[in-house]
Amino acid sequence: MGAPSSFLCALLVLAAFACHLHGAHGRRHHSRSHGHDHDHAHGLGVNYGTLGDNLPTPARSVKLLRSAKAGAVKIYDANQAILHALAGTGIPVSVMVPNEIIPNIAASRGNARRWVAKNLYRHPRVKIIYLLVGNELLSNQAIAGSTWGKIVPAMKNLRHALRSYKLGHVKLGTPLAMGALSASFPPSAGEFREDIAESVIKPLLQFLSYTRSYFFIDVYPYFAWVGNQKDIPLDYALFQGHTTDNVVDPGSKLIYTNLLDQMLDATVAAMAKLGYPDVPLAISETGWPSGGGDGANIVNAETYNRHLATRMSHTPGTPARPDTEMPVFVFSLYNEDLKPGAGTERHWGMFYPNGTSVYDVDLTGKHYYAPPPPGPGPVPVPPPGPAPGPVPPPGPAPPPDNDPTDEGVWCVLATGKPVNETAVQIALNYACEQGGAATCAAIQQGGACFEPNTLDAHASYAFNSYWQQFKKTGATCSFNGLAEKTSKDPSYGTCKFPTSSDQPAKGKWCVLATSKPLNETAVEAGLNYACGQGGTATCAAIQPGGTCFEPNTLDAHASYAFNSYWQQFKKTGATCSFNGLAETTTNDPSHGSCKFPTSSDETVKGEWCVLEIGSGNAVNETTVEAGLNYACGKATCAAIQPGGACYEPNTLDSHASYAFNSYWQQFKNIGATCSFNGLAVKTTKDPSKFII
């Protein structure tokens with residue numbers, strides 16, 4: 001994209017948002033000589049932190065690492081119980097020297113030898129590949145005088161100690177935050193801070209170059225995005241930006257399609273300015289939080305890490321260093337409840353403390369998964385607790401809780417049993433967070449179902465709203481046994497509980513109100529909210545070239561966006577208000593080829609969207625695979641996963657037909673077509689068991 005000046009300025013201070021709070025544990029320009037790197041034939045590495053009072057045992061944790069197909073593990077000390085559990089597993093391990101003992105290690109080779117003997121040498125069956133000296137040391141000004149100048153001397157002493165114990169293959173490094181850079185945009189302007197460039201970074205690079213080791217960097221696109229949401233597109237930070245989001249570096253002329261590459265290449269440029277353009281990079285931490293802040297939800301966390309794994313598996317490297325593999329460690333294994341700082345700090349894990357998955361990610365990047373149902377966005381997340389009810393254990397997706405007899409059935413808080421208020425609160429929070437802003441809008445203050453303002457009443461509404469929204473894609477009415485189905489309508493007064501038997505109002509649209517003076521800034525904010533929270537398809541028709549782009553006016557585009565969002569989410573609580581800017585109308589606002597979706601649109605009976613076969617056109621399997629992956633990246637493909645109802649026949653043609661149809665049925669009311677670049681065609685012949 002043509003980056004606005006505010007975007008440029010924002011990225012110049014990326015470092016301000018890239019320093020992760022980690023409490024006690026802070027938060028391959030490949031060469032043939034780096035033969036001890038972790039195995040990319042397996043998967044990304046995983047950071048294993050222990051700042052929790054309810055975490056699984058090391059032995060159980062190792063099993064989870066294996067189940068996630070982790071290619072390596074990085075720990076934040078030399079925890080002997082963890083190293084013992086890793087013995088004989090063959091999992092490559094990165095160990096860390098605590099920040100506070102670095103001056104002591106730097107003081108003498110004897111101190112370094114004693115530390116290596118005590119912590120590493122006694123574990124000959126552990127495959128240690130990296131020894132990291134401290135964590136984000138240069139982010140702590142309080143230890144500038146005592147420790148910064150001791151980093152390289154400590155490394156030199158540790159290298160001597162490792163070689164004396166026949167551990168010379170272990171690579172040394174120190175993880176730094178992006179705060180070590182004073183400039184990061186454009187990437188070619190990357191530069192280290194003046195206070196550390198010559199005195200600390202240059203000697204470090206000299207050591208890494210000589211020992212053929214890595215420059216370890218903690219890279220968090222999330223922090224850059226969350227501090228600059230107006231200027232950095234979310235999709236660009238999640239590896240799914242459009243060509244219009246691309247950034248061209250005016251210095252190098254390189255094109256960037258995602259934020260991670262920008263940050264990495266800024267580091268490459270900074271190293272080059274100090275005379276070390278070829279020191280390989282390693283990503284010691286990266287990831288996306290699943291709760292606790294703006295944009296922090298399971299869908300985004302899953303999306304980021306899946307794309308990261310796929311990217312590193314298929315197209316490693318950056319624009320400045322194409323096809324160059326690098327070690328990558330995802331943060332983190334668990335949600336850690338004792339981590340200090342902002343709410344996001346306790347929501348980075350791939351697993352809950354009880355061992356169930358927060359989301360499914362193939363760290364090898366070799367497979368796709370059906371993503372969670374799209375939601376309109378996150379809501380604030382309360383203090384953390386144990387894993388909430390609706391999260392299933394790893395494995396094939398459960399059959400949809402979508403019995404035809406569920407017409408006119410609701411999911412509410414179970415009665416007749418003692419209520420654990422903590423568990424109910426956790427499950428309520430989960431339903432509202434994962435369902436999206438609209439799921440629980442009615443129980444917010446001022447909403448139609450806010451009163452009675454009790455935990456029981458709000459939990460019943462949240463459980464039902466979540467279940468009605470997602471039961472077709474696997475959600476169950478359970479919430480760890482807290483919920484039950486009922487055929488008795490729990491609605492009361494103006495508070496209506498959504499149900500699968502609800503019939504939409506005929507011929508009603510939500511448009512910009514014309515009966516009052518307009519505040520253009522407020523209208524623009526409302527339009528951006530609708531398009532940003534609704535998802536890509538919500539406003540596709542008003543993008544350049546779309547059927548509703550003309551007339552290209554704020555009023556026209558706002559009416560389309562308000563209506564598209566409302567039609568998409570009203571069953572889960574969205575209202576036609578937009579802070580009083582919108583109103584409902586029975587007068588169809590469609591014009592020409594521009595059709596506004598409406599609740600009276602009926603699904604065409606007996607029509608499906610499938611892969612076109614037998615038309616005389618040769619099928620390009622690569623193109624079909626790309627179309628299938630796109631569809632499953634947006635819609636629900638659980639049925640064609642191993643064990644799913646439509647997995648067999650396990651052929652590309654069959655899976656593509658299912659995926660195309662699933663996507664089209666889900667999004668056609670907001671502009672999706674049955675095309676897939678000419679690969680798909682509509683049919684009235686039932687290819688069951690497809691969605692309609």
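Which residue just after H10 takes a positive phi? In this predicted model, the residue is glycine 275, with a phi of about 95°. Helix H10 itself covers residues 259-273, and its length can be checked with simple reasoning: at 1.5 Å a residue, its 15 residues should span 21 Å, and the end C-alpha atoms are indeed 21 Å apart. Most of H10 is covered, with 13 of its 15 residues buried. At the N-terminal end, asparagine 258 acts as a cap, placing a side-chain oxygen 3.2 Å from the backbone nitrogen of leucine 260.

Helix H6 can be read in a similar way. H6 runs over residues 151-164, and its 14 residues reach 20 Å from the first C-alpha to the last, close to the 20 Å expected at 1.5 Å a residue. The buried residues of H6 are Ile151, Val152, Ala154, Met155, Asn157, Leu158, Ala161 and Leu162. It helps here to recall that an α-helix has 3.6 residues a turn, so residues three or four places apart point the same way. The partners against which the buried residues of H6 pack include strands S3, S4 (128-133) and S5, as well as helices H4 (102-107), H5 (109-121) and H7. Just after H6, lysine 166 takes a positive phi of about 60°.

The strands come next. Nine of them form an open sheet with parallel pairing, in the order S5-S4-S3-S2-S1-S13-S12-S9-S6. Strands S5 (171-173) and S6 (176-177) stand at the edges; each has a single partner strand, so one side of each is left without a neighbour in the sheet. Helix H7 (residues 197-211) packs on this sheet, where it touches S5, S6 and strand S9 (215-218). The direction of H7 makes about 170° with that of S5.

Elsewhere in the sheet, strand S1 (residues 45-48) is a helpful one to look at. In a regular strand the side chains alternate between the two faces of the sheet. Both faces of S1 are covered: Gly45 and Asn47 are buried on one side, and Val46 and Tyr48 are buried on the other. S1 pairs with S13 in the parallel sense over three bridges, and glycine 45 has phenylalanine 329 as its bridge partner in S13. S1 also pairs with S2 in the parallel sense, over four bridges, with valine 46 opposite valine 73 in S2. Strand S2 (residues 72-75) is in turn joined by two bridges to strand S3 (residues 93-97), and the two run parallel. Within that pairing, lysine 74 has serine 94 as its bridge partner in S3.

Helix H3 (residues 80-86) holds isoleucine 82. With a relative accessible area of 3%, isoleucine 82 is buried. Leaving aside residues up to four places away in sequence, isoleucine 82 touches Tyr48, Thr50, Pro58 and Ile75. Isoleucine 82 and proline 58 are 24 residues apart in sequence, yet their C-alpha atoms are 5.2 Å apart in space.

Aromatic rings offer another way to see how the chain comes together. A pair of aromatic rings is described by the distance of the centres and the angle of the planes. The structure holds 28 aromatic pairs. One of them joins tyrosine 76 and phenylalanine 331 edge-to-face, at 6.4 Å centre to centre and with 80° between the planes. Tyrosine 76 lies in the loop between S2 and H3, while phenylalanine 331 lies in strand S13 (residues 328-331), so the pair ties together parts that are 255 residues apart in sequence. Both residues, tyrosine 76 and phenylalanine 331, are buried. Ring pairs also link these two into a cluster whose members include Tyr220, Trp225, Trp288 and Trp348.

A second edge-to-face pair joins tyrosine 461 and phenylalanine 497, at 5.1 Å centre to centre and with 75° between the planes. Tyrosine 461 belongs to helix H13, and phenylalanine 497 to the loop between strand S15 (483-486) and strand S16 (509-512), 36 residues apart. Tyrosine 461 is buried, with a relative accessible area of 2%, and phenylalanine 497 also counts as buried, at 4% relative accessibility.

Helix H13 (residues 455-470) contains glutamine 468 as well. Why does glutamine 468 count as buried? Its relative accessibility is 14%, and buried means under 20%. The side chain of glutamine 468 reaches the backbone oxygen of valine 409 at 2.9 Å.

Definitions and conventions
Residues are numbered from 1 along each chain as its sequence is written. This is a predicted model: local features need pLDDT of at least 70, side-chain atom pairs count only at pLDDT 80 or more; totals for chains, interfaces and linings use all residues. Side-chain values use heavy atoms; hydrogens and water are left out. Buried means under 20% relative accessible area, exposed over 50%, partly exposed in between (1.4 Å probe, protein chains only). A polar contact is a pair of N or O atoms within 3.5 Å; within protein, one must be able to donate a hydrogen and the other to accept it, and residues adjacent in sequence count only if both atoms are side-chain atoms. Contact means heavy atoms within 4.5 Å. Two strands pair if DSSP finds at least two bridges between them. Axes are lines fitted to C-alpha atoms, for helices over the stretch in contact, and angles run from 0 to 180 degrees between N-to-C directions. The expected span of a helix is 1.5 Å times one less than its number of residues. Rings of Phe, Tyr and Trp (its six-membered ring) pair if their centres lie within 6.5 Å; planes under 30 degrees apart count as stacked, over 60 as edge-to-face and the rest as tilted.
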